[in-house]
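Q: Please take one part of this model and go through it slowly. I'd like to know how its pieces line up and which side chains tie it to the rest of the chain.

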Amino acid sequence: MQKLMRVCKRFVNTEEKFRDRSQWIKPIGHETEVTVYNPITRCKVPLILTTRNTLKWYMCGPTVYDSAHIGHATTYIKSDIIRRILTDHFNIDVLLVMGITDIDDKIIKRSIENKQNFKTLSRHFEMEFLEDMNKLNVRKPYMCCRVTDYVPQIIHFVEKLIATGYGYVAENGSVYFDTNKYNRYGKLSIPLPDTGHPYKKSALDFALWKVAKDNEPSWKCPWGHGRPGWHVECSVIASAVFGNSIDMHSGGIDLILPHHENEEAQSCCYHGVEQWVNYWLHCGHLHLKGDVKMSKSLGNTVSIRDYLEKYSANHLRMVCLLSHYRNGLEFTEKINQNAVIVMKKIENFISDCSTYAAGKLQTGEIDENLLLTTWQNTRDKVDSALADDFDTAQAMHAILDLVKTGNKMLHQGDIPSTGKINGNHVSIIAAVSNYVSSTLSKFGLSQSTSASDRRVEDVVDHFLKFRTAVRTRALENPKNNVLLKECDNVREELSACGILVKVQTLGTHISVITNPT
């Protein structure tokens, strides 16, 4: 009990010490239409860019010692969605740089276990990660920067911090950042003391450079041999590309403390500035039931490749779109199935709109005024939601309401079989369908529009015409049940492949559904 009271007292003292340090400096520059959540002020603030129409963004990338899992994937997908919104919706040029940690304790441990050179190990998982991101339709960063390519710059960075009194060489040969010398430490979050290192001046100090152990990869520096600390890697890479000011810096919500807090502290001291990063962006975690983090160390992960065996990249992206990027997600079969249902609903709507525009879909009455008003309201709601801290959940809700309204009109009731379709509303149906498609494309949802896809559709179309001819001839002779049965069997088999055959008065219509379940 006494030990617990000492810990609580230490935390209260720490909280008092850092309470007044959470100050954000509003950037001077070019205003945008967007507001973003600020973890320092704990409210939404206007996004102001230091360079007109250009956003400089650094993203913490993977530590490449193992395969990435879908917990990692959702962070990168959410970031990709935001990047696409900024670029494709708000016409802001995003210059995105990602750091790749290819040397650290976990990489060294795994390379020893595998009796493999650490570079060979890290390159393998780096390439696998990039392939997985491509499969998930995550756009490539402008630059992917490996830590080991920046070791000379890291040594220079640490040297300057030592020279200016912000860093010190401890008795064990490692170099630590002196948090007592920086009076704004604790800007992002109240730091928790780490008492596990006796060589540090303060329990809050963190490693800039780690002394080399026996047979570990190391680099020569003025104070001996060793390797970079975790936090300094990102500071140096981002500084090498962007200098003393970054518009946006992102990562998972777990990186706020200590990683991002330590990055900001050492970078402000190195550059001699009050604020290095103007906007911090943190994505909520994908967790298991009971708020259990999906983690390699816990052995409860689902690999990206295993997920894609059952679902598509669009399904995982839809899971992310239906929730705010800052919110955590509980990974369940329910949310995956909901994403499948939503994707099918949208794909069916777009397919039916195309069929209607081609004059092949018999339909009920189209209320053009109502559909036009709903579409205009949807555009306003989507624009407002995306400008409000990239609220894709609200944007998707508005789009699905539009789809619901359009679907109701396309399929309401039966009309007399006149052999003609009311084509007076083709323009509005086509416009709404195009808006839905283009908006979802801006979110990174892929569509099957390649030449090979079209050829497959043509083959299916010709086959269905043959089936229709056979079925029509069979119906002329009711005794010929064998042919009718075979036609029904073909229809069921096509349905299992995701091709829905709809027999209508004006002919056979097909809907192609990706990844049927």
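A: Here's a walk through one sheet and its surroundings, followed by some salt bridges and a few other elements for context. Keep in mind that this is a predicted model.

Let's start with the sheet itself. It's an open one built from 5 strands, in the order β5-β4-β3-β11-β12, and the pairing is parallel. Which strands sit at the edges? Those are β5 and β12 (277–283). Each has a single partner strand, so one side of each is left without a neighbour in the sheet. From one strand to the next, the twist averages 25 degrees.

Now zoom in on the β5 end. Strand β4 (residues 93–101) is joined to β5 by 4 bridges, and the two run parallel. If you want a landmark, find Met 98: its bridge partner in β5 is Cys 144. Helix α4 packs on the sheet here, touching β3 (54–63), β4 and β5. The direction of α4 makes about 160 degrees with that of β5.

Packing isn't the whole story for α4, though. What else ties it to β5? The side chains of Glu 126 and Arg 146 meet in a salt bridge, 2.7 Å from N to O. Glu 126 belongs to α4 (residues 118–135) and Arg 146 to β5 (residues 143–146), with the two positions 20 residues apart in chain numbering. Glu 126 counts as buried because its relative accessibility is 6%, while Arg 146, at 23%, counts as partly exposed.

There's another salt bridge on α4, between Asp 132 and Arg 305, again given as 2.7 Å from N to O. This one links distant parts of the chain: Asp 132 is in α4 and Arg 305 is in helix α8 (residues 304–310), 173 residues apart. Asp 132 is buried, with a relative accessible area of 2%, and Arg 305 is partly exposed at 33%.

How many salt bridges does the whole structure have? A search finds 21. One of them pairs Asp 105 with Arg 227, their closest N and O atoms being 2.3 Å apart. Here helix α3 (residues 105–113) supplies Asp 105 and strand β10 (residues 224–228) supplies Arg 227, and the pair is 122 residues apart. Asp 105 is partly exposed at 41% relative accessibility, whereas Arg 227 is buried at 5%. There's also a network of salt bridges linking Asp 66, Lys 109, Arg 110 and Glu 113.

For contrast with the parallel sheet, look at strands β1 (residues 30–38) and β2 (residues 43–49), which run antiparallel and are joined by 6 bridges. They form a hairpin with 4 residues between them, and Arg 42 in the turn has a positive phi of about 60 degrees. Val 36 stands opposite Val 45 in β2.

Last, a couple of helices. α7 (residues 256–271) reaches 21 Å from first C-alpha to last, close to the 22 Å expected, and 13 of its 16 residues are buried. Just after α7, Gly 272 takes a positive phi of about 70 degrees. α10 (residues 333–357) has 25 residues and spans 36 Å, close to the 36 Å expected. A glycine turns up after α10 too: Gly 359, with a positive phi of about 80 degrees.

Notes
Residues numbered from 1 in each chain as written. Heavy atoms only, no water. Pairing = 2+ DSSP bridges. Salt bridge = Lys/Arg side-chain N within 4 Å of Asp/Glu carboxyl O. Buried < 20%, exposed > 50% of the residue type's maximum accessible area, 1.4 Å probe, protein only. Expected span 1.5 Å × (residues − 1). Axes fitted to C-alpha atoms, helices over the stretch in contact; angles between N-to-C directions. Contact = heavy atoms within 4.5 Å.
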